[in-house]
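Dear colleague,

I am passing the structure below on to you, together with an account of what turned up when it was examined. Please read the notes alongside the coordinates.

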Amino acid sequence: MERAHNPFAPGAGTPPPELAGRGDILEQAGVALERIKNGRPEKSLLMVGLRGVGKTVLLNEIQRLAIEKGYKTAFIEATENRSKKKLPELLLPHLRQILLQLDAGEMFNTYVKRAMRVLQSFISKFHVQTDLFTVKIADPEIGVADSGDLEVDLAQLFTAVAEAAANRKTGIAIIIDELQYLDETELSALIIAIHHISQKGLPLIMVGAGLPQLVGKAGNSKSYAERLFTYPDVGQLKPEDARQALQKPVQHQGVEFTADALKEIINLTKGYPYFLQEWGYHAWNTAAVSPITLADVQKATVIALKKLDDDFFRVRFDRLTPSEKRYVRALAELGNNPQRSGDIAEKLGLSVNTVAPLRSQLIKKGMIYSPAHGDTAFTVPLFEEFLKRAMPDIAALKG
Ligand SMILES: Nc1ncnc2c1ncn2[C@@H]1O[C@H](COP(=O)(O)OP(=O)(O)OP(=O)(O)O)[C@@H](O)[C@H]1O
Ligand SMILES: [Mg+2]
């Protein structure tokens with residue numbers, strides 16, 4: 001059918017034509033935003049899920065909700081390449097802009113002015129190298145947020161900004177994607193800052209998203225993290241929601257999937273949102289007329305798999321060293337559920353100790369995670385099947 005009218009949207013963070021199955025999480029976020037803005041205690045949200053399940057899409061939607069509720073928002077994304085931007089550099093342009101907006105709304109508000117000075121102190125210490133910060137926004141507030149210890153200074157900065165927001169009857173939402181890429185000190189500084197804010201009932205909420213290893217990282221960093229955050233699990237869609245995700249967008253254009261076409265896509269994709277978009281997209285392009293049939297889907301599957309193999313899976317695979325590739329291939333060989341480290345080592349003909357550094361390296365790269373102590377699983381859905389296609393020869397594993 002007409003490609004120009006294809007409703008499906010495979011891509012990173014691309015809003016889906018139908019945001020299916022996320023009503024509970026969005027409702028939880030809505031309640032948290034409402035409560036925190038009114039100074040009521042509520043946990044901040046850290047959404048956890050594998051690659052391509054729709055975390056970024058949810059963060060965007062929550063940002064929209066927050067703005068609708070009168071929040072000032074900062075949306076940042078931590079990057080894997082840590083030589084790029086550190087947390088202060090990611091946050092500062094947004095906080096600066098928020099304070100300038102709060103300042104513009106009222107001629108002279110002592111809390112806003114103070115927050116600007118605190119921000120200036122923070123900048124002076126964390127030496128942000130951008131043109132933006134050669135322009136001063138205020139004289140520094142000497143002795144606040146300028147100790148050079150991020151864990152102390154970030155809490156003081158957030159407190160000052162949140163006090164300014166409270167005074168201006170608004171809230172601040174700090175939204176952070178790819179949280180698992182922050183280093184220990186940064187994550188721990190954020191947790192401490194949120195701890196201070198929540199004790200004071202100030203209107204600042206953090207909404208974050210990341211890969212599953214985030215939960216352990218936050219817990220290691222501060223044992224009270226679990227009392228500050230809820231970790232909504234963002235996973236594959238239930239069959240009913242997956243059907244909605246496919247059927248509703250085409251129905252808007254007077255097109256239908258047949259029941260067995262839907263069933264086939266749901267079987268193949270296991271309800272993973274990114275894959276649903278990919279299959280929906282190619283099924284639409286393949287079908288000549290409505291309804292989109294099982295035969296159309298079967299043809300589309302060949303194209304969708306090729307597309308995934310060439311992009312989605314391939315880019316991740318290409319980032320691995322040869323020995324990391326062998327490790328993940330051994331994991332794939334064992335099956336599509338979590339596997340014991342010992343079993344993986346055995347497949348490779350090596351000792352657990354020898355492969356331990358490989359495993360940590362792969363966790364750092366966000367390829368695998370540990371769903372339970374000693375277990376290992378892929379963060380990318382259906383990756384094991386790709387690996388079997390990409391590395392058919394398992395004789396090469398040992399060596
Ligand atoms: N609830 C949903 N229903 C249908 N499609 C969805 C849903 N959520 C996300 N998608 C689609 O899934 C794809 C991936 O979404 P997104 O980029 O938000 O995932 P992610 O979890 O952030 O992935 P990554 O970990 O790689 O950053 C997009 O094409 C998006 O349109
Ligand atoms: Mg994302």
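**Loops with unusual backbone**

Pro-291 sits in the loop that joins H11 and H12, and the peptide bond leading into Pro-291 from Ser-290 is cis, with omega near 0°. Please bear in mind throughout that this is a predicted model. A second backbone feature concerns Glu-178, which has a positive phi of about 55° although it is not a glycine. Glu-178 is placed in the loop between strand E3 (172–177) and helix H6 (184–199).

**The largest pocket**

The largest pocket holds about 770 Å³ of space. Its lining is made up of 38 residues, and those lying nearest the centre are Gly-11, Ala-12, Gly-13, Gly-52 and Thr-56. Helix H2 (55–68), helix H11 (273–286) and helix H12 (294–318) are the elements that each give two or more residues to this lining, and the largest share, four residues, comes from H11. Sorted by class, the lining of the largest pocket has 18 nonpolar, nine polar and 11 charged residues, which may be useful to have at hand when you look at the pocket yourself. H11 therefore appears twice in this account, since H11 gives that largest share of the lining and also borders the loop that holds Pro-291.**The second largest pocket**

For the second largest pocket, the space comes to about 630 Å³. This pocket is lined by 32 residues, of which Leu-50, Tyr-272, Tyr-369, Ala-377 and Phe-378 lie nearest its centre. The elements that give two or more residues to the lining of the second largest pocket are helix H7 (213–221) and strand E8 (375–378), and H7 gives the most, with four residues. By class, the lining of the second largest pocket has 18 nonpolar, 10 polar and four charged residues. Where does the second largest pocket lie with respect to the domains? Domain 1 (23–230) and domain 3 (320–397) both give residues to its lining, so the second largest pocket lies between them.

**Helix packing**

Two helix pairs complete the account. The axes of helix H10 (residues 259–269) and H11 come within 9 Å and cross at roughly 140°. That angle makes H10 oblique to H11, because a pair counts as roughly antiparallel if its angle is over 145 degrees. The crossing of H10 and H11 is right-handed.

In the other pair, helix H3 (residues 87–105) packs with helix H5 (residues 150–167) at an angle of about 20°, their axes being 11 Å apart. H3 is therefore roughly parallel to H5, given that angles under 35 degrees are counted in that way. The crossing in which H3 passes H5 is left-handed.

With kind regards

Definitions and conventions:
Residues numbered from 1 in each chain as written. Chains lettered and ligands numbered in written order. Predicted model: local features only at pLDDT ≥ 70, side-chain atom pairs only at ≥ 80, totals over all residues. Heavy atoms only, no water. 1 Å grid on protein atoms, 1.4 Å probe; cavity = no way out; pocket = protein on both sides within 12 Å on 5 of 7 lines; lining within 4 Å. Points joined across faces, edges and corners; volume = space filled by probe spheres on them. Nonpolar A, V, L, I, M, F, W, Y, C, P; charged D, E, K, R; others polar. Domains from an automatic or database assignment. Axes fitted to C-alpha atoms, helices over the stretch in contact; angles between N-to-C directions. Parallel < 35°, antiparallel > 145°, perpendicular 65-115°, else oblique. Left-handed = near helix turned anticlockwise from the far one by under 90°.
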